[in-house]
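Let's take a walk through this one together, going from an annotated stretch to sheets, rings and cores. Have the structure open and turn it as you read.

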Amino acid sequence: MRLTQYLASKLKNFSNLPKEYIERSKKQVYWQTPKEINYLPRTVERKRFRYTTNRSWTGQFRQQNMPGTVRRKVLVEPIEDWSFFRGDRIEVLVGKDKGKQGIVTQVIPERNWVIVEGLNWHYRKVGGEKEFPGIIIKSEAPLHVTKDIRLVDPSDLQGTDFEWRFTEEGEKVRVSLRSGRIIPIPETNNQTHDYKTPNAYIEREKDTPGAVVGEITFQPKLSTFEMDIMEEMGIKEERTPVKSYWY
Amino acid sequence: MSSALIKCLNLAKTVGNATVRSFLAAPKQPWQSCSAAALQTPHVQMPMQMHTSAVRRDLMEFFDDKKNWSENEVKVGRAWRTEELRIKSNKELHQLWFVLLKERNMLLTMEHECNDKMEVFPSPERIDKVKISMENLETVVRERNKAYHLLETGETGERPQKAVKNAFGLQVSYKACEHALPPFMNLKWIKSRNIGYGGRAVNRFLLKYREKLYNAKRKAKNRSRNEVMMILRRNPNFDLDVLRRQFPDVNVDKLRNEDKIRGHYVPKVGV
């Protein structure tokens, strides 16, 4: 349910990792039946994960969800249209930074969280020992998207409610309810770990150039893949196969 | 029609054998050294020249470039998409398959060696990118073969499968095999075939098995119902239409009258 919702939204995966890798790195398989004819495919693995600001492919996530740890279930309200993107200007509604505005720098849709730059921070003490008090790190705590923040209207820079509507061209946009202005999705949403804009990607030695990827070399032909390769390699088949039966 | 289908299947099988044999027996073919480094992982980018790599019959081809050994991250593009592979010719798909195969072998070798030496394997998502590309390539090849067989013979040309019940009464997928004899003459196959299931023990097993499946479904439904109750308990003004769409199994309107969705406080309305 959540994966489908995540895929359908306009939110871009900043890490640019394949879905299969994210699932594989998170998976904890404790026991699995052998792939033999006399076994049914059964798996015993972890089903409940505690999602935090540590993303699910990191080692910290693995440490927080070690085998055997049982955490209380976190209730996450379903959100149909995800509406807060990286680079959005939002207004904070709770806490010591109430009323201030900031830019969203990280989106954690598994928990309906966003992290705003420079707001909602607190000091963390890490690395303390008996004779050493530890160091203090300033960390930004996440904010809940349904209760703690509000979008800012770009016409007057005030917080506003909004809804999703369609333009004449059929594009889905966020519209401020107070002024009717479209709140555009920021360009920062398209940034990933690998590039800032798609055309600013620096290609590597094993990458295929874009022109080669888009080149059309397929010619429709009445043959299977194997027949075509045989013809290409000059392999000739003169034998007539004997009749056989499939059952 | 069936005869033509069998002929195509045999031809496809012979092609596969001949291709493998020819590839192994002829190491000096020109296609082998063509564009080994290119056609690796695509990205939509500026046009540039395609570069090639020389043939090195060396075990070190199973290992990555030396300059990547101690890196924390190796940046590569994304996997090939199905629509990008559909516009490529069979020859290029054939070449790309072997490029991806070599890359996958290299990555798995590096992963194994890094695990042995307790080193960090950089960018393990490369394995998944290569795997996705290979799956998409196989999808395109199967599409083309299926289209040919459907056009020529009216059948898909793939191995026939059928859903049958095994000796315990559970449904499994039976995959047909190729035989030289027709089924009514194949006494060995007739004797080894499983026909039907029954008996008191099997019926009791099926009863318990269906109860297990029903219990799993019932628990899942109860989990959804409890989740909806907790959401309404904490958010009394939650949009009911969203809940109805997200939880189709739960009767949201009936739950509105339950005592459990009432919290311990009076919610602040309009504040």
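UniProt lists residues 84–117 of chain A under "domain: KOW". Bear in mind that what you're looking at is a predicted model. Over that stretch, chain A is 0% helix and 47% strand, and the C-alpha atoms at the two ends sit 14 Å apart.

Now for the sheet in chain A. Six strands line up as E8-E5-E4-E3-E9-E10 in an open sheet, with antiparallel pairing. At the edges you'll find strand E8 (143–144) and strand E10 (159–160) of chain A; each has a single partner strand, so one side of each has no neighbour in the sheet. The partner of E8(A) is worth a closer look: strand E5 (residues 113–116) of chain A pairs with E8(A) in the antiparallel sense, over two bridges. If you want a residue to click on there, A:Val114 has A:Leu143 in E8(A) as its bridge partner.

On to the rings. Searching the whole structure turns up nine aromatic pairs over all chains. One of them joins A:Phe84 and A:Phe162 edge-to-face, at 6.1 Å centre to centre with 85° between the planes. Why is this pair worth a stop? A:Phe84 lies in the loop between helix H3 (59–64) and strand E3 (89–92) of chain A, while A:Phe162 belongs to strand E11 (residues 162–166) of chain A, so the contact ties together parts that are 78 residues apart in sequence. Is each ring buried or exposed? A:Phe84 has 7% relative accessibility, so it counts as buried, and A:Phe162 is partly exposed, at a relative accessible area of 22%. Another edge-to-face pair is made by A:Tyr195 and A:Tyr201, at 6.3 Å centre to centre and 90° between the planes. Both A:Tyr195 and A:Tyr201 are buried.

Elsewhere in chain A, A:Phe49, A:Tyr51 and A:Phe61 make up one aromatic cluster. Look at the face of A:Phe49 in particular: A:Lys26 lies over it, 5.1 Å from the ring centre, and A:Arg46 lies over the face of A:Phe49 too, at 5.9 Å from the ring centre.

What about the nonpolar cores? The largest has 22 residues, and those with the most contacts inside it are B:Leu85, B:Leu93, B:Leu96, B:Leu100, B:Leu107, B:Phe121 and B:Leu137. Helix H5 (225–233) of chain A, along with helix H3 (90–116) and helix H4 (125–152) of chain B, are the elements that give two or more residues to this core. H3(B) supplies the largest share, seven residues. Apart from this core there is another, of 18 residues, including A:Leu11, A:Phe84, A:Val104 and A:Val145. That brings back A:Phe84, the buried ring from the edge-to-face pair with A:Phe162.

To finish, follow chain B to its hairpin. Strand E2 (residues 161–165) of chain B pairs with strand E3 (residues 171–175) of chain B, antiparallel and over five bridges. Within it, B:Lys162 stands opposite B:Tyr174 in E3(B). Five residues separate E2(B) from E3(B), and in the turn B:Gly169 has a positive phi of about 85°. As for cysteines, B:Cys114 is buried, with a relative accessible area of 9%, whereas B:Cys177 is partly exposed, at 34%. How many disulfides are there over all chains? A search of the whole structure finds zero.

Technical notes: Residues numbered from 1 in each chain as written. Chains lettered and ligands numbered in written order. Predicted model: local features only at pLDDT ≥ 70, side-chain atom pairs only at ≥ 80, totals over all residues. Heavy atoms only, no water. Pairing = 2+ DSSP bridges. Helix = DSSP H or I, 4+ residues; strand = E, 2+ residues; numbered from the N terminus. Core = buried A, V, L, I, M, F, W, Y, C linked by side-chain atoms within 4.5 Å. Buried < 20%, exposed > 50% of the residue type's maximum accessible area, 1.4 Å probe, protein only. Phe/Tyr/Trp six-rings, centres within 6.5 Å; stacked < 30°, edge-to-face > 60°. Lys NZ or Arg CZ within 6 Å of the ring centre and 35° of its normal. UniProt positions renumbered as here; feature names shortened; annotations may be inferred. Disulfide = S-S within 2.5 Å.
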